[in-house]
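Look over the sequence and the model below. Then read on for a short tour of its side chains and helices.

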Amino acid sequence: AHALVFAGETESTLPVLVRNLGHPSQSVRLHAMIALREIGESARPALPAIQKAAADPWSYVARESANALTQLGATP
């Protein structure tokens, strides 16, 4: 999904990234959030999921979520 983001396939990739924000693996959640942050404005439809991820128990995911929210001008 991350590679598709960089190829400009954000519309087909957003559902995969949002789904992976709930994955049991911390690493999967982190990489999904990083990809969403890097998408920028195209990630706006995922805003509710990004806000929810700001409460992730793993601090790295929560921090990346906060960064994405700041970038989008939103609040957690």
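The model holds one aromatic pair, counting rings of Phe, Tyr and Trp (its six-membered ring) whose centres lie within 6.5 Å. Planes under 30 degrees apart count as stacked, over 60 as edge-to-face and the rest as tilted. The partners are W58 and Y60, and because their ring centres are 5.0 Å apart and their planes stand at 80°, the pair is edge-to-face.

This is a predicted model: local features need pLDDT of at least 70, side-chain atom pairs count only at pLDDT 80 or more, and totals for chains, interfaces and linings use all residues. Residues are numbered from 1 along each chain as its sequence is written, and side-chain values use heavy atoms, with hydrogens and water left out.

**Buried or not**

Buried means under 20% relative accessible area, exposed over 50%, and partly exposed in between (1.4 Å probe, protein chains only). The table applies these classes to single residues.

| Residue | Relative accessible area | Class |
|---|---|---|
| A43 | 1% | buried |
| E64 | 15% | buried |
| L30 | 15% | buried |
| W58 | 22% | partly exposed |
| Y60 | 45% | partly exposed |
| P15 | 48% | partly exposed |

**Helix α2 and its two sides**

Helices here are DSSP runs (H or I, at least four residues), numbered from the N terminus; strands (E) would need at least two. Helix α2 spans residues 10–20, and T10, T13, L14, L17 and N20 are buried in it. Why do they sit on the same side of α2? They cover an arc of only 135° around the axis, and this puts them on the same side. The arc is taken from the directions from the helix axis to the C-beta atoms. On the other side of α2, E11 and R19 are exposed. P15 is also found in helix α2. The C-alpha atoms of P15 and S27 are 18 Å apart in space, with their positions 12 residues apart in sequence.

**How α2 meets α3**

Two packed helices are described by the angle between their axes and the distance between the axes. The axes of α2 and α3 come within 9 Å and cross at roughly 145°. Axes are lines fitted to C-alpha atoms, for helices over the stretch in contact, and angles run from 0 to 180 degrees between N-to-C directions. Which residues meet? From α2 come T10, L14, L17 and N20; from α3 come V28, R29, A32, A35, L36 and I39. Contact means heavy atoms within 4.5 Å. By class, the contact of α2 with α3 has seven nonpolar, two polar and one charged residues. Ala, Val, Leu, Ile, Met, Phe, Trp, Tyr, Cys and Pro count as nonpolar, Asp, Glu, Lys and Arg as charged, and the others, Gly among them, as polar.

**Three buried residues and their partners**

These contact lists leave out residues up to four places away in sequence.

A43 is found in the loop between α3 (26–39) and α4 (47–53). A43 touches L14, L36 and I50. A43 and V18 are 25 residues apart in sequence, yet 9.7 Å apart in space, C-alpha to C-alpha.

L30 has its place in helix α3. L30 touches W58, Y60, V61 and E64. W58 and Y60 are the two residues of the aromatic pair. The C-alpha atoms of L30 and D56 are separated by 9.8 Å, with their positions 26 residues apart along the chain.

E64 lies in helix α5 (residues 59–71). E64 touches L30, M33, I34 and R37.
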